[in-house]
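Take a look at the model below and turn it around a few times. Then we can walk through it together, one spot after another.

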Amino acid sequence: AMLKVLSTPFELGGEVAYVSASIGIAIFPDDAEETESLIKHADQAMYSAKEKGRNCFSFFSSSMQVMAQARMQLGKDLRGALGAGQLMVYYQPIVDLATGKIVKAEALVRWNHPVRGMVDPAEFIPLAEELNLICEIGDWVFKESADKVKALCEMDLDCVQISVNKSPRQFHSGKTQQTWIEYMENIDLPASCINIEITEGLLLDNHPEISEKLMLFRDGGVQISLDDFGTGYSAMSYLKKFEIDYLKIDQSFVRDMSIDPGDRAIAEAIIVMAHKLGLKVVAEGVETVEQLELLIAAGCNYGQGYFFARPMPSDEFDTLLANWNPRIIRSG
């Protein structure tokens, strides 16, 4: 009943406003006897409701307390992970489907925890954003990537561009668009050697500084990729406004395109639309020769996924480039 009442539209300043609520519930005395602890537990239950999709309620449970303590400890560990040398940059190749050559790679941060081992990025990346560590980590990943592609150019290897993920929070904080471009100038690296991957939601952000920072990157010669295309808002009108260079077809469409006509049609339509707009297309999550053949037939420009190679440490990536056989994409 409370959720229904709270979701009822109301007028605010002459405009109709819509809100929803996430409710956390803790019960006295079962969950806690002290007011402070009761409120704390209700707060934990509220975050659980948000994780379920918002606009719902959740009761506190003892497992939430265990998870909250584990998350708190992981956050403490993450604060010192970069300084302790526990973070690493892995590289996953992106293959030109016309030539079979590795011409790009995506930089992916990995955390080798001293006790837990490799921590899932889906667990620690949101935590880094929550703790305001994402900008520091993002800057480090960028510099590692810039140094890497500079070294690859000097070794005369094929890979000429590395993609770096940039979260919305990184656009809201700091002046990375200036410091990143300045860093590339200082090491004499062409700006085209770095590609910034953003998500569709960022394009819908109405803050003017987002547009300004994107344009500064573009003016500096940095190319832009739109990641996970088709799973979010699919803001078509923004593709030209922000002069996006690449669309990355989300792996959810690639995964079943050989058995699901609907997914195949979506992937093919994205490729046709992108080419009409002058954009190139990267297919994510390529795992089988059947998927590869369909993508090649549809005119997709690039492929990325386990069919070619998993993300790997820097030295293994060098070895892969040195020994890569372009015909591998045709052999299966």
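How many disulfides does the structure hold? The count is 0, where a disulfide is a pair of cysteine sulfur atoms within 2.5 Å. Take Cys-193: the closest cysteine sulfur to its own is in Cys-153, and at 4.4 Å that is too far for a bond. Cys-193 is also buried, with 6% relative accessible area; buried means under 20%, exposed over 50%, and partly exposed in between, using a 1.4 Å probe and protein chains only. Cys-135 is buried as well, at 19%.

Before going on, a word on how to read all this. This is a predicted model, where local features need pLDDT of at least 70 and side-chain atom pairs count only at pLDDT 80 or more, while totals for chains, interfaces and linings use all residues. Residues are numbered from 1 along each chain as its sequence is written, and side-chain values use heavy atoms, with hydrogens and water left out.

Now find helix α5, which covers residues 134-154 and includes Phe-142. (Helices, H or I with at least four residues, and strands, E with at least two, are DSSP runs numbered from the N terminus.) Phe-142 is buried, with a relative accessibility of 0%. What does Phe-142 touch, leaving aside neighbours within four places in sequence? Its contacts, meaning heavy atoms within 4.5 Å, are Val-164, Trp-180, Tyr-183, Met-184 and Ile-194. Phe-229 sits 87 residues away along the chain, and 23 Å separates the two C-alpha atoms.

Next stop: strand β11, residues 246-249. In a regular strand, side chains alternate between the two faces of the sheet. Here Tyr-246 and Lys-248 point one way, Leu-247 and Ile-249 point the other way, and all are buried. Strand β11 runs parallel to β10 (residues 223-229), joined to it by 3 bridges; strands count as paired if DSSP finds at least two bridges between them. It also pairs in the parallel sense with β12 (residues 280-283), over 4 bridges. Leu-247 is a good place to see both pairings: Leu-226 is its bridge partner, and Val-281 in β12 stands opposite it.

Over in strand β9, residues 194-199, you'll find Asn-195. Asn-195 is buried at 0% relative accessibility. Beyond four places in sequence, Asn-195 touches eight named residues, among them Gln-161, Ser-163, Ser-225 and Tyr-246. Those four residues also help line the largest cavity, as does Asn-195.

Where is empty space left inside? Rolling a probe the size of a water molecule over the atoms shows that. On a 1 Å grid over the protein atoms alone, a cavity is a set of points where a 1.4 Å probe fits but cannot get out, and lining residues have an atom within 4 Å of a point. The count comes to 1 cavity of 30 Å³ or more, and the largest holds about 30 Å³ of space; grid points are joined across faces, edges and corners, and a volume is the space filled by probe spheres set on the points. Strands β8 (161-165), β9 and β11 each supply at least two residues of its lining.

Finish at His-113 in strand β6, residues 102-113. Is His-113 buried or exposed? It is buried, at 7% relative accessible area. Its side chain makes a polar contact of 2.8 Å with that of Asp-77; such a contact is a pair of N or O atoms within 3.5 Å, and within protein one must be able to donate a hydrogen and the other to accept it, with residues adjacent in sequence counting only if both atoms are side-chain atoms.

Note on methods:
1 Å grid on protein atoms, 1.4 Å probe; cavity = no way out; pocket = protein on both sides within 12 Å on 5 of 7 lines; lining within 4 Å.
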